[in-house]
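Reader: I should like to learn how to read the features of a protein model in an orderly way. May we begin with the overall layout and then turn to the details?

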Amino acid sequence: MSSAPDRYAVIGHPVDHSRSPDIHRLFAEQCGQVMEYTRLPAPTDGFERVAGEFFGAGGAGLNVTLPFKLAAAEFADRLTERAERAGAVNTLKTTPNGLLGDNTDGAGLVADLVDNLGATVAGRHVLILGAGGAVRGVVPSLLAAGAARITIANRSIDKARAIATACAGMGEVIACGLDALPEDADLVINAISAGLTEGTMPALNPRILARAGAVYDMIYADAPTPFLRWAAEHGVAAGRDGFGMLVEQAAESFALWRGMRPSTKAVMDTLRGPATRGPG
Ligand code: ATR
């Protein structure tokens, strides 16, 4: 008797443009896994209901995207240590002991930085521009990867301070405003969401690139982002956008669900062509 394939989905609002179904279809093909992966839209106030119905009907796992990552952390019965540290969940999995919440965003960023861009995190000073939900999820992973110091710079300095305070026990994390950026960072990561719309990225002092060997934009797009173009114009051509992070965090989720880790490079090449604009 053949059983129905295990069911997975990405839940979010909106979720119609998510690349995750394509990524997981390619992972499943590569790993010989029979599984279904769909988009699961939910109204902004409807995460618990929609996710509850999905798991109630036998769903095996969910990826969680904006704006539900905090709600998913509340919803899970147990959290992995990294999800606990991040205070947010992007992956849910049914287990015999209830619903497990994990956060693979930080691991995805570090994998893309180190394996694909060829950047060094260990022992380095990392400057992060922005202090939104995405930053909260990745700072613990950058510290776990050995970053010597992280500076979080944000327009609203209080949000940067809140993340620095929450992560204080894990390593050296400093907060500053966009008008007082350090000039000794080895790696500069953009997480300012305005960076995708032309002309809305705030003016940045190019001196922040003085020592940077590489830059990274957590936002992704079909064309180089304004931040990556700005960095290239100021002499730092080694850069990647966040598409690789998306694929790498998906691979981590897939590994949690299926017990095997797919190769990410072939999937990145298939979905976007060679995405690297740096040495990686
Ligand atoms: P995400 O979850 O993707 O990080 P978010 O939580 O909405 O998204 O965070 C957006 C980030 O971009 C914030 O750091 C925000 O700065 P504030 O905290 O001061 O709002 C930053 N951002 C958005 N538009 C900006 C702009 N025009 N200038 C400077 N920073 C901006």
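Reader: How far apart do the C-alpha centres of domain 1 and domain 2 lie?

Author: Please keep in mind that this is a predicted model. The protein is divided into domain 1, covering 6-104 + 244-272, and domain 2, covering 106-240. Between their C-alpha centres the separation is 25 Å.

Reader: How should I read the area buried between domain 1 and domain 2, and what is its value?

Author: The accessible area lost when parts come together is often used to give the size of an interface. Here, about 1,200 Å² is buried between domain 1 and domain 2, and carbon and sulfur atoms give 56% of that area. On the side of domain 1, Arg 85, Met 245 and Glu 248 supply 45% of the area buried against domain 2, more than any other three residues. In terms of contacts, 14 residues of domain 1 meet 17 residues of domain 2.

Reader: How many salt bridges and how many residue pairs in polar contact are found between domain 1 and domain 2?

Author: Side chains of opposite charge can pair when their charged atoms come close. Across this interface, however, the rule finds 0 salt bridges. The polar contacts between domain 1 and domain 2 amount to 8 residue pairs.

Reader: Which elements give two or more residues to the side of domain 1 that touches domain 2?

Author: They are helix H4 (81-86), helix H9 (243-258) and helix H10 (265-272). H9 gives the most, with 6 residues. By character, the residues on this side of domain 1 divide into 4 nonpolar, 4 polar and 6 charged.

Reader: Where, then, are salt bridges found, and how many does the rule count?

Author: The count comes to 18 salt bridges. One of them joins Asp 22 and Arg 25, whose closest N and O atoms are 3.7 Å apart; this pair satisfies the rule because the limit is 4 Å. Asp 22 and Arg 25 are separated by about one helical turn, because they are 3 residues apart in helix H1 (residues 20-31).

Reader: At which residue does UniProt place the feature "active site", and what is that residue in contact with?

Author: An unreviewed UniProt entry places this feature at Lys 69. Lys 69 is found in helix H3, residues 69-75. With neighbours within four places in sequence left aside, Lys 69 is in contact with Val 64, Ala 88, Val 89, Asn 90 and Asp 105.

Reader: Which residues does UniProt assign to the feature "domain: Shikimate dehydrogenase substrate binding N-terminal", and how much of that stretch is helix or strand?

Author: The unreviewed entry places this feature at residues 10-92. Over residues 10-92 the chain is 42% helix and 22% strand, with the end C-alpha atoms 10 Å apart.

Reader: What is omega for the cis peptide bonds at Pro 14 and Pro 67, and where do these prolines lie?

Author: The bond joining His 13 and Pro 14 is cis, with omega about 5°. Pro 14 is in the loop between strand E1 (6-12) and H1. From Leu 66 to Pro 67 the peptide bond is also cis, with omega near 0°, and Pro 67 lies in the loop between strand E3 (61-64) and H3.

Methods:
Residues are numbered from 1 along each chain as its sequence is written. This is a predicted model: local features need pLDDT of at least 70, side-chain atom pairs count only at pLDDT 80 or more; totals for chains, interfaces and linings use all residues. Side-chain values use heavy atoms; hydrogens and water are left out. Domain bounds come from an automatic or database domain assignment. Contact means heavy atoms within 4.5 Å. Buried area is the accessible area (1.4 Å probe) that two parts lose on being put together, summed over both. A salt bridge is a side-chain nitrogen of Lys or Arg within 4 Å of a carboxyl oxygen of Asp or Glu. A polar contact is a pair of N or O atoms within 3.5 Å; within protein, one must be able to donate a hydrogen and the other to accept it, and residues adjacent in sequence count only if both atoms are side-chain atoms. Helices (H or I, at least four residues) and strands (E, at least two) are DSSP runs, numbered from the N terminus. Ala, Val, Leu, Ile, Met, Phe, Trp, Tyr, Cys and Pro count as nonpolar, Asp, Glu, Lys and Arg as charged, and the others, Gly among them, as polar. UniProt positions are given in the numbering used here, feature names are shortened, and annotations may be inferred rather than shown by experiment.
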